[in-house]
Amino acid sequence: SKSRTFLKDEIEALALEVDRVHTYNTVPGKVQNKRSFDEVDIVLFTSPSTVNNMVDMVGIEEVKKKKCIAIGPITFKALKERGIDGLMCKQHSEDGFLREIVEIVNKEV
């Protein structure tokens with residue numbers, strides 16, 4: 001329900017009728033043990049809401065300590081708006097995430 005209206009707007013611009021249906025709402029989780037985040041090396045972000053929710057759950061300074069990867073440009077923009085350095089997947093998919101992780105690990109070896 002928090003997604004952009006880009007697709008809807010573009011279809012309506014073609015003089016077509018569009019009904020926007022929300023299939024889910026993003027609900028943030030709760031971290032029971034914030035120290036468990038200490039063991040995390042890389043954080044994968046799939047949407048701006050995952051950026052905002054992670055910051056709310058563990059704190060901005062903790063997120064900034066991690067290697068962060070955004071799935072695409074909108075999510076990458078959300079990281080930048082929060083002052084979080086990160087990478088953006090060249091391919092905006094699960095495979096893109098995997099390639100970025102492999103690149104990070106290979107650079108550290």
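Visitor: Which residue lies over the face of Phe-37?
Guide: In this predicted model, the residue over the face of Phe-37 is Lys-66, at 5.1 Å from the ring centre.

Visitor: And how many aromatic pairs turn up in the whole structure?
Guide: A search of the whole structure gives 0 aromatic pairs.

Visitor: OK, on to the sheet. What order do the strands have?
Guide: The sheet is open and has 3 strands in the order 1-2-3, with parallel pairing. Strand 1 (42-45) and strand 3 (87-88) stand at the edges with a single partner strand each, so one side of each is left without a neighbour in the sheet.

Visitor: How many bridges join strand 1 to strand 2?
Guide: There are 4 bridges between strand 1 and strand 2, the latter spanning residues 67-70, and the two run parallel. As for a particular partner, Phe-45 is bridged to Ala-70 in strand 2.

Visitor: Which helix lies across the three strands, then?
Guide: That is helix 5, residues 94-108, which lies across strand 1, strand 2 and strand 3 and runs at about 155 degrees to strand 2.

Visitor: Switching to helix 4, which residues are buried there?
Guide: Within helix 4, which covers residues 73-81, Thr-75, Ala-78 and Leu-79 are buried. These residues are on the same side of helix 4, because they cover an arc of only 100 degrees around the axis.

Visitor: What covers them?
Guide: The cover over the buried residues of helix 4 includes strand 1, strand 2 and helix 2 (48-58).

Visitor: And what phi does Gly-83 take, just after that helix?
Guide: Gly-83, just after helix 4, takes a positive phi of about 75 degrees.

Technical notes
Residues are numbered from 1 along each chain as its sequence is written. This is a predicted model: local features need pLDDT of at least 70, side-chain atom pairs count only at pLDDT 80 or more; totals for chains, interfaces and linings use all residues. Side-chain values use heavy atoms; hydrogens and water are left out. Two strands pair if DSSP finds at least two bridges between them. Contact means heavy atoms within 4.5 Å. Axes are lines fitted to C-alpha atoms, for helices over the stretch in contact, and angles run from 0 to 180 degrees between N-to-C directions. Rings of Phe, Tyr and Trp (its six-membered ring) pair if their centres lie within 6.5 Å; planes under 30 degrees apart count as stacked, over 60 as edge-to-face and the rest as tilted. A charge sits over a ring if NZ of Lys or CZ of Arg is within 6 Å of the ring centre and within 35 degrees of the ring normal. Buried means under 20% relative accessible area, exposed over 50%, partly exposed in between (1.4 Å probe, protein chains only). The arc is that of the directions from the helix axis to the C-beta atoms.
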